[in-house]
Amino acid sequence: MTRPLLSRTLLAASLAAATALTTGQVLAEESHLPDEPIRFVTPYPAGGSHSLHAGIITAVGEEFLGRPLISVIRGGGGGAVAAAEVAGSTPNGTMLLFGDPTINSLRPQVEDLPYEMDDFVPVARINYSPAIFVTTPDQPFQSIGELVEHAEDNPGEVVYSSDNRNGFTYTVFEMLKATADIEMRGVELGGGGPAVTQLLGGNTMAYAGDPSVVGEHLEAGSLVGLCVTDTERFDAYADIPTCQEEGYDVVFQFWRGVMAPADTPAEVVAELSDGFQRLTEDEGFLRLIGQIGSGIQFLGHEEFAEALAAEQAALRDAYLDD
């Protein structure tokens, strides 16, 4: 499967699942969760999009889930450390992973990791975001076309901030390199926070990150937006073109979702899913999410499971097809 076809397949699966979402769920009359806090595990270092979203979710989540949510930052191994810890925890709803497509769909299929895709059951998708390719104002390229031209003229000399092998930034840069037929070098830094720090410090030349991570720097003028990896421009930064508009077929949406250990009882998964839906419909929560330049594209556990299965199959075809 080609990467453009992969992009369209993933987008179609997400949109199809979203249309099946139903509302109007109500609080369970009797909770199936143990009477103890829920540890909400972020698999990347602080300062990235995951930790920003998780901080808001855990700050207000108790009202909607009936249990305190404790934010746990567990970086390491590009998310593998946290994923393995949650996968091996007691499957009763008291330890949840804030997952994403690289941790839960791609890397277990192409790497030898201490967990597998089937070690998790999807609870709820919270949202997704495109990446925004960015650079600093002092670089010799100030558009995606100019970056490509500079890389063509200087093979291997463009060094960009990356997250982890087969991670979000890694994947979109690989897509750009493939579609533009250019050579660039990525420095794997473990997450969005360190990646932006290295770019702003002049140690790298470009990055592709979540709007919640790069947005404040775009607004301050310390970063310049080159293109967005979506089929439409991002509302908050409408002056930044899509990569497709600029002639580069790079489309990738990075979802954030709640995953529970496999064998978590179905009634617990359903209760958690309902709670996260109520959370994502709350006006106060939506205001907080809006303040980091993000939004909500919720999927309940059944719809999320369908979208996840389609995504995993598409990635398997794309990366493992001989």
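Select helix α5 to begin, and look at Pro101, Thr102, Ile103, Asn104, Ser105, Leu106, Arg107, Pro108 and Gln109, which are the buried residues of this helix. The model on screen is a predicted one, and in it α5 spans residues 101-110, of which nine out of 10 are buried, so the helix is largely enclosed by the rest of the structure.

Now zoom out to the whole protein chain, which holds 12 helices and 10 strands. Its radius of gyration is 19 Å, close to the 20 Å that the globule rule gives for 322 residues, and the chain is therefore as compact as a globular protein of that length. Taken along the principal axes, the box filled by its C-alpha atoms is roughly 65 × 45 × 35 Å. With the whole chain still selected, colouring by accessibility is a useful next step, since 55% of the 322 residues count as buried.

**The five-stranded sheet**

Next, select β1, β2, β3, β4 and β10 together, and follow the order β2-β1-β3-β10-β4 across an open sheet of five strands whose pairing is mixed. The edges are formed by β2 (69-73) and β4 (120-130), each of which pairs on one side only. Passing from one strand to the next, the twist averages 25 degrees.

Which strand should be taken as the way into this sheet? A convenient choice is β1, which covers residues 38-42 and pairs with β2 in the parallel sense over five bridges. To see this pairing residue by residue, display Phe40, whose bridge partner in β2 is Ser71, and then Thr42, which stands opposite Ile73 of β2. Turning to β3 (residues 95-99), one finds that β1 pairs with this strand too in the parallel sense, here over three bridges, and that Arg39 has Met95 as its bridge partner in β3. Strand β1 is mostly covered, with four of its five residues buried.

From there, move to the edge strand β4 and pick out Pro122, which is found in that strand. Is Pro122 buried or exposed? Its relative accessible area is 11%, and Pro122 is therefore buried, the cut-off for that class being under 20%. Keep Pro122 displayed and add Leu308: the two lie 186 residues apart along the chain, while their C-alpha atoms are separated by 8.0 Å.

**The largest pocket**

Staying with β4, bring up the surface and look for the largest pocket, to whose lining this strand gives the largest share, namely three residues. The volume of the pocket is about 310 Å³. Of the 15 residues that line it, those closest to its centre are Tyr128, Pro130, Asp230, Phe234 and Gln297, and these five make a practical selection for centring the view. Colouring the lining by residue class shows four nonpolar, seven polar and four charged residues.

**Strand β5 and its partners**

Now select strand β5 (residues 132-135) and show its side chains, where Ile132 and Val134 point one way, Phe133 and Thr135 point the other way, and all are buried. Which strands should be added to the view alongside β5? One of them is β8 (residues 206-209), which pairs with β5 in the antiparallel sense over four bridges; here Thr135 stands opposite Ala206 of β8. Another is β9 (residues 224-228), which also runs antiparallel to β5 and is joined to it by four bridges, and in this pairing Val134 stands opposite Gly225 of β9.

**Two loop residues**

The last stops are in loops, and both concern backbone angles. Select Asp181, which has a positive phi of about 55 degrees although it is not a glycine. Asp181 is placed in the loop between α7 (168-180) and β7 (185-188), and, with a relative accessible area of 69%, this residue is exposed.

Then go on to Asp263, in the loop between β10 (253-261) and α10 (266-281). What is the phi of Asp263? It is positive, at about 75 degrees, although Asp263 is not a glycine. Asp263 has a relative accessible area of 71% and is therefore exposed, given that this class begins over 50%.

Terms used: Residues numbered from 1 in each chain as written. Predicted model: local features only at pLDDT ≥ 70, side-chain atom pairs only at ≥ 80, totals over all residues. Heavy atoms only, no water. Pairing = 2+ DSSP bridges. Axes fitted to C-alpha atoms, helices over the stretch in contact; angles between N-to-C directions. 1 Å grid on protein atoms, 1.4 Å probe; cavity = no way out; pocket = protein on both sides within 12 Å on 5 of 7 lines; lining within 4 Å. Points joined across faces, edges and corners; volume = space filled by probe spheres on them. Nonpolar A, V, L, I, M, F, W, Y, C, P; charged D, E, K, R; others polar. Buried < 20%, exposed > 50% of the residue type's maximum accessible area, 1.4 Å probe, protein only. Rg over C-alpha atoms; globule rule 2.2 N^0.38 Å.
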